[in-house]
Amino acid sequence: MAEFSVDRFVDLYAQRTSGMSASEVRALFAVASRPEVVSLAGGMPYVQALPDQDILDVVAQVLDEHGSMALQYGGGQGHPALRERLLMLMQAEGLQADPEDMVITTGAQQGLDLVAKIFVDPGDEVVVEAPAYVGALSAFSAYEPRYLQVDVDDDGMIVEHLEELLLRGARPKFVYTVPNFGNPAGVTMSMERRERLVALCREAGVPILEDNPYGMLRFEGEALPCLRSMDPDNVIYLGTVSKVFSPGVRVGWALAEQSVTQRLILAKEAADLCGSSFNMLVTERYFAGDRWRANLASLVDVYRSRRDTMLEALTEHFPQGSTWTHPSGGFYVWVTLPGYVDSQAMLAAAVERRVAYVPGTAFYPDGRGKDKMRLAFCYPPKDRIREGIARLGSLLSDEDQLYRSLHP
Amino acid sequence: MKVAVLAGGRTPERDVSLRSGHRIVTALASLAHDAYLLDPGEVPLAEALQKQEPDICYLALHGKEGEDGTVQRLLDLLGIAYTGTAAFECEIAFDKVLAKDALARAGVRTPPWVAIEGWALRDLGAGAALGKAVERVGLPCVVKPSRSGSALGVGTVEREVDLAAAVMAALSFSGAAVVEAKIEGSEVAAGLLGTPPEALPLVEIVPKNGVYDYAARYTAGATEYFAPARVSEEVAAASVAQALMSVSALGLRDVTRVDMIVDGSGLPWVLEVNVSPGMTETSLLPMAAQASGRSLAQLCEQVLESALSR
């Protein structure tokens with residue numbers, strides 16, 4: 001008798017990896033990425049809109065002017081010229097900062113990991129929005145927190161619920177929020193809620209982790225101030241060029257008060273020594289001129305019209321009993337389906353009909369979200385968006401018929 | 001020998017199939033075969049095969065199209081030899097509604113079941129008869145898509161009120177669902193190899209969280225395996241007998257896997273048969289082969305020999 005060990009190290013792995021496993025949804029996404037499938041699943045920026053020549057220019061400039069520097073290690077905090085340059089990007093959102101308070105990270109995603117790394121011990125409480133960005137949940141989960149979830153509505157995180165949690169004795173290490181056009185819900189935190197959240201967290205001595213990848217992708221209305229600008233000492237801000245330039249360069253940053261910044265630099269150096277010098281310099285050059293503004297404006301136009309197309313198609317094709325958010329920026333529409341729909345189970349049938357979405361359960365650490373789905377309008381062209389929503393609409397009406405027949 | 005290993009495809013088991021396929025290619029290449037991977041999800045299959053003219057196709061496709069007779073019929077048309085079961089028998093074996101019936105008729109012990117067709121629900125008001133399903137098979141029961149693999153869309157139902165949702169979930173993967181009595185016991189799998197079929201040592205499956213679902217199957221370490229299974233000689237012999245009866249009843253050939261549960265009294269129950277058993281690093285058939293002293297390459301070679309002996 002032999003015990004077959006398909007993984008001979010299985011008893012040696014750290015407990016924190018126990019949540020990392022194969023999943024049905026991943027299996028379905030392997031099919032969903034095929035060209036015949038309209039994928040409303042992935043939040044991929046439409047990088048095709050970037051003018052090739054602009055990119056060739058900045059890459060040539062970097063190699064020409066800073067060739068040896070671009071191919072060398074850099075400091076853990078990130079290239080000083082890039083940090084200076086990114087100040088301007090933050091100023092465009094009304095945020096003043098000091099380059100000494102910044103750490104360049106490998107996308108904002110690494111910022112999420114590093115912040116959790118320096119704050120969270122196993123069992124510590126962390127507040128997340130419900131629903132929350134799935135990548136943040138993955139990053140935090142490696143540090144084994146206990147999640148406290150605060151629901152969102154059309155005005156973002158329901159801060160009163162957070163207040164109740166704190167009153168009942170919750171002592172979270174930080175409160176994580178995507179206040180602008182959040183992923184997946186697409187909603188934006190109102191001014192009143194921002195003020196309340198900032199005051200509440202300051203009073204309770206709980207730092208806020210503000211993740212703002214979509215802030216500059218506003219389709220209409222006035223921008224609201226960043227939480228960071230409302231309380232620079234108590235807010236750790238994460239920014240990224242992924243949505244306004246390219247996710248391929250993997251350039252993000254964390255902005256925090258000095259003591260946090262110093263720890264983040266050490267954590268960053270421990271993780272990967274430094275970011276990619278080449279990519280940092282390319283990014284710096286891209287934002288050096290003014291062309292990024294025009295490029296971004298035309299990108300926002302593309303996203304706005306795709307959002308409009310998706311909302312129109314939803315009205316036309318989705319059955320009674322479904323509701324959805326109306327984002328004024330970002331990438332996502334968040335749909336609430338009739339209560340009997342299990343969007344995770346339905347994904348197989350959707351892929352069979354050549355359309356894909358992300359089931360809502362991905363965005364809740366506690367298994368909620370079966371009747372939700374996230375639809376991304378950022379990547380497919382408008383005719384594909386219309387086609388995809390029509391396919392989903394017809395599937396939902398078949399599900400409705402099936403449900404009725406099962407409950408005569 | 002020039003061997004096209006067909007793997008990938010467009011089903012939810014695409015990734016699993018590619019993992020199987022790559023391992024088979026490596027194994028066959030180590031025996032000096034001219035083996036290569038051919039993914040019908042990437043290239044037009046008929047055209048590619050006509051151009052390449054392989055001596056034989058090794059079928060490592062999982063799920064619909066690969067296991068339901070579709071690819072087999074195309075290969076018959078092209079006149080290219082292939083490993084595994086023939087088209088018609090594949091069609092029966094892959095469809096649990098048909099296969100369970102065929103097994104039961106041949107006297108194979110398979111858990112009591114009822115079949116629920118999606119269109120019967122939609123057009124014939126079959127929902128009104130759902131309560132009968134629970135009467136017939138009892139609780140807890142297992143609801144499975146009729147035509148799917150890797151435990152995708154499979155749910156266990158403890159309470160009658162949850163049956164409708166489980167049926168809906170299964171119907172997401174297939175046009176019909178099978179509601180089957182849940183037999184408690186040890187899960188074992190029998191690998192059957194060659195012509196006539198030889199039973200490999202039984203593999204016992206012990207999922208750490210109690211359910212052998214998709215994650216338990218394909219996450220290394222999520223399940224413990226024992227080969228040979230930790231059962232008495234009598235139970236092993238009875239299980240092999242059930243497996244051989246299944247293979248003979250359904251006309252399966254070259255390589256198959258029969259999944260069973262041995263209940264508390266030592267009786268083996270056949271849950272399903274697989275005409276294209278997984279060959280990944282966490283798959284059962286390669287473990288069974290290893291327990292019999294065969295390498296993966298020897299296992300693949302024997303499958304080829306069996307197919308070429310026709």
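Here are some questions and answers about this two-chain predicted model.

Me: How are residues, chains and ligands labelled, and which pLDDT cut-offs apply?
Reply: Residues are numbered from 1 along each chain as its sequence is written, while chains are lettered from A and ligands numbered from 1 in the order in which they are written. This is a predicted model, where totals for chains, interfaces and linings use all residues, local features need pLDDT of at least 70, and side-chain atom pairs count only at pLDDT 80 or more.

Me: How many helices and strands does chain B have?
Reply: Helices (H or I, at least four residues) and strands (E, at least two) are DSSP runs, numbered from the N terminus. On that basis, chain B comes to twelve helices and 14 strands.

Me: Why is chain B called as compact as a globular protein of its length?
Reply: The radius of gyration is taken over C-alpha atoms, and the globule rule is 2.2 Å times the number of residues to the power 0.38. For 310 residues that rule gives 19 Å, and chain B is close to it, so chain B is as compact as a globular protein of that length, with a radius of gyration of 19 Å.

Me: What share of chain B counts as buried?
Reply: A residue is buried if 20 or more other C-beta atoms lie within 10 Å of its own, exposed if 12 or fewer, and partly exposed in between, with C-beta atoms placed from the backbone. Of the 310 residues of chain B, the buried share is 58%.

Me: Which helix gives the largest share of the largest nonpolar core?
Reply: A nonpolar core is a set of buried Ala, Val, Leu, Ile, Met, Phe, Trp, Tyr and Cys residues joined through C-beta atoms within 7 Å. The largest one has 149 residues, and those with the most contacts inside it are A254(A), L375(A), V167(B) and V179(B). Its largest share, eight residues, comes from residues 163-171 of chain B, which is helix α8.

Me: Which residues does V179(B) touch, leaving out those up to four places away in sequence?
Reply: Two residues are in contact if their C-beta atoms, placed from the backbone, lie within 7 Å. With the sequence neighbours left out, V179(B) touches W113(B), V114(B), I116(B), A133(B), V137(B), C141(B) and V143(B).

Me: Which element of chain B gives the most to the side that touches chain A?
Reply: The contact takes 29 residues from chain A and 41 residues from chain B. Ala, Val, Leu, Ile, Met, Phe, Trp, Tyr, Cys and Pro count as nonpolar, Asp, Glu, Lys and Arg as charged, and the others, Gly among them, as polar. Sorted that way, chain B's side has 23 nonpolar, ten polar and eight charged residues. The top giver, with six residues, is α8(B).

Me: Which strands stand at the edges of the open parallel sheet of chain B?
Reply: Two strands pair if DSSP finds at least two bridges between them. In this sheet of four strands the order is β2-β1-β3-β4. One side of each edge strand is left without a neighbour in the sheet, because each has a single partner strand; these are β2 (34-38) and β4 (81-82).

Me: Which residue stands opposite A4(B)?
Reply: Strands β1 (residues 2-6) and β3 (residues 56-59) of chain B pair in the parallel sense over four bridges. Across from A4(B), in β3(B), is C57(B).

Me: What is the sense of pairing in the open sheet of chain A?
Reply: This sheet has four strands in the order β11-β12-β15-β14, with antiparallel pairing. In it, β14(A) and β15 (residues 372-376) pair over two bridges, and their sense is antiparallel.

Me: Why is helix α10 of chain A largely enclosed, and which elements do its buried residues pack against?
Reply: Nine of the ten residues of this helix (residues 277-286) are buried, so the rest of the structure largely encloses it. Those buried residues pack against α2 (52-70), α3 (80-91), β3 (102-106), β10 (251-255) and α11 (291-317) of chain A.

Me: What is the omega of the peptide bond from T195(B) to P196(B)?
Reply: Most residues other than glycine have a negative phi, and most peptide bonds are trans. P196(B) sits in the loop between β9 (185-193) and β10 (198-199) of chain B. The bond from T195(B) to P196(B) is cis, with omega near -10°.

Me: Is R250(A) buried or exposed?
Reply: R250(A) has a positive phi of about 50° although it is not a glycine. With 21 other C-beta atoms within 10 Å, R250(A) is buried.
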